[in-house]
Amino acid sequence: QVQLVESGGGLVQAGGSLRLSCAASGYIFSAHVMGWYRQAPGKQRELVASIAPGATTNYGDSMKARFTINRDNTENTLYLQMNSLKPEDTAVYYCRDLTRQYWGQGLQVTVSS
């Protein structure tokens, strides 16, 4: 059974950091493009960052300066390091396998001012 399970979300003060993890199970994701998306209340889901099998990365607007995506293919895990968090980063964050269109269940990140 294919699963993408996110962890590491929660409540943080503005200026703080969080590291999200996405553990993939039921398949090997090393050859897949993986990514993080987020959806804030009342807004459309948007790309945060993606990473190709060769580690080429792509970031959404205004994300690159503060967020870093990486992957550990030996652990079948995707990461998102988020620094200098702002209240507008508050959203549900989703892990996605862009190659196979799998989605994680999402986890809440709340940044207080």
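Read along the sequence, this chain runs β-β-β-β-β-β-β-β-β-β-β. The secondary structure therefore amounts to 11 strands and zero helices, in what is a predicted model. The radius of gyration is 13 Å, close to the 13 Å that the globule rule gives for 113 residues, so the chain is as compact as a globular protein of that length. Along the principal axes, the C-alpha atoms fill a box of roughly 40 × 25 × 25 Å.

Some totals describe the chain as a whole. Of its 113 residues, 43% count as buried. The chain exposes about 5800 Å², and carbon and sulfur atoms supply 47% of that area. Among contacts between residues at least 6 apart in sequence, 54% join residues at least 24 apart. The side chains include 10 positive and 8 negative ones, and the centres of these two sets lie 3 Å apart.

The walk through the strands can start at β1, which covers residues 3-7. In a regular strand the side chains alternate between the two faces of the sheet. In β1, Leu4 and Glu6 make up the covered face, while Gln3, Val5 and Ser7 make up the uncovered one. What does β1 pair with? Its partner is strand β3, residues 18-25, and five bridges join the two in an antiparallel arrangement. Within this pair, Ser7 of β1 stands opposite Ser21 in β3.

Further along come β4, residues 34-39, and β5, residues 46-51, which run antiparallel and are joined by five bridges. One of the paired positions is Trp36, whose bridge partner in β5 is Ala49. The two strands form a hairpin with six residues between them, and there Gly42 takes a positive phi near 75°.

Strand β5 also pairs with β6, residues 57-59; three bridges join them, and they too run antiparallel. β5 is thus bridged to β4 and to β6. Ser50 has Asn58 in β6 as its bridge partner. This second hairpin has five residues between its strands, and Ala55 in the turn has a positive phi of about 80°.

After β6 the chain enters the loop that leads to β7 (67-72), and Arg66 is placed in this loop. Is Arg66 buried or exposed? Its relative accessibility is 12%, so Arg66 counts as buried, the cut-off being under 20%. Leaving aside residues up to four places away in sequence, Arg66 touches Gln81, Met82, Asn83, Ser84, Leu85, Lys86 and Asp89.

Two later loops hold residues with a positive phi. Most residues other than glycine have a negative phi. Asn76, in the loop between β7 and β8 (77-82), is not a glycine, yet its phi is positive, near 55°. Asn76 counts as buried because its relative accessibility is 10%.

Ser84 is found in the next loop described here, the one between β8 and β9 (91-97). Although not a glycine, Ser84 has a positive phi of about 50°. How much of Ser84 is accessible? With a relative accessible area of 41%, Ser84 is partly exposed, whereas Asn76 is buried. Ser84 is also one of the residues that Arg66 touches, which links this loop to the one between β6 and β7.

Notes
Residues numbered from 1 in each chain as written. Predicted model: local features only at pLDDT ≥ 70, side-chain atom pairs only at ≥ 80, totals over all residues. Heavy atoms only, no water. Helix = DSSP H or I, 4+ residues; strand = E, 2+ residues; numbered from the N terminus. Rg over C-alpha atoms; globule rule 2.2 N^0.38 Å. Buried < 20%, exposed > 50% of the residue type's maximum accessible area, 1.4 Å probe, protein only. Contact = heavy atoms within 4.5 Å. Areas by Shrake-Rupley, 256 points an atom, 1.4 Å probe, with all protein chains shown as cover. Lys, Arg positive; Asp, Glu negative; His and termini not counted. Charge placed at Lys NZ, Arg CZ, Asp CG, Glu CD. Pairing = 2+ DSSP bridges.
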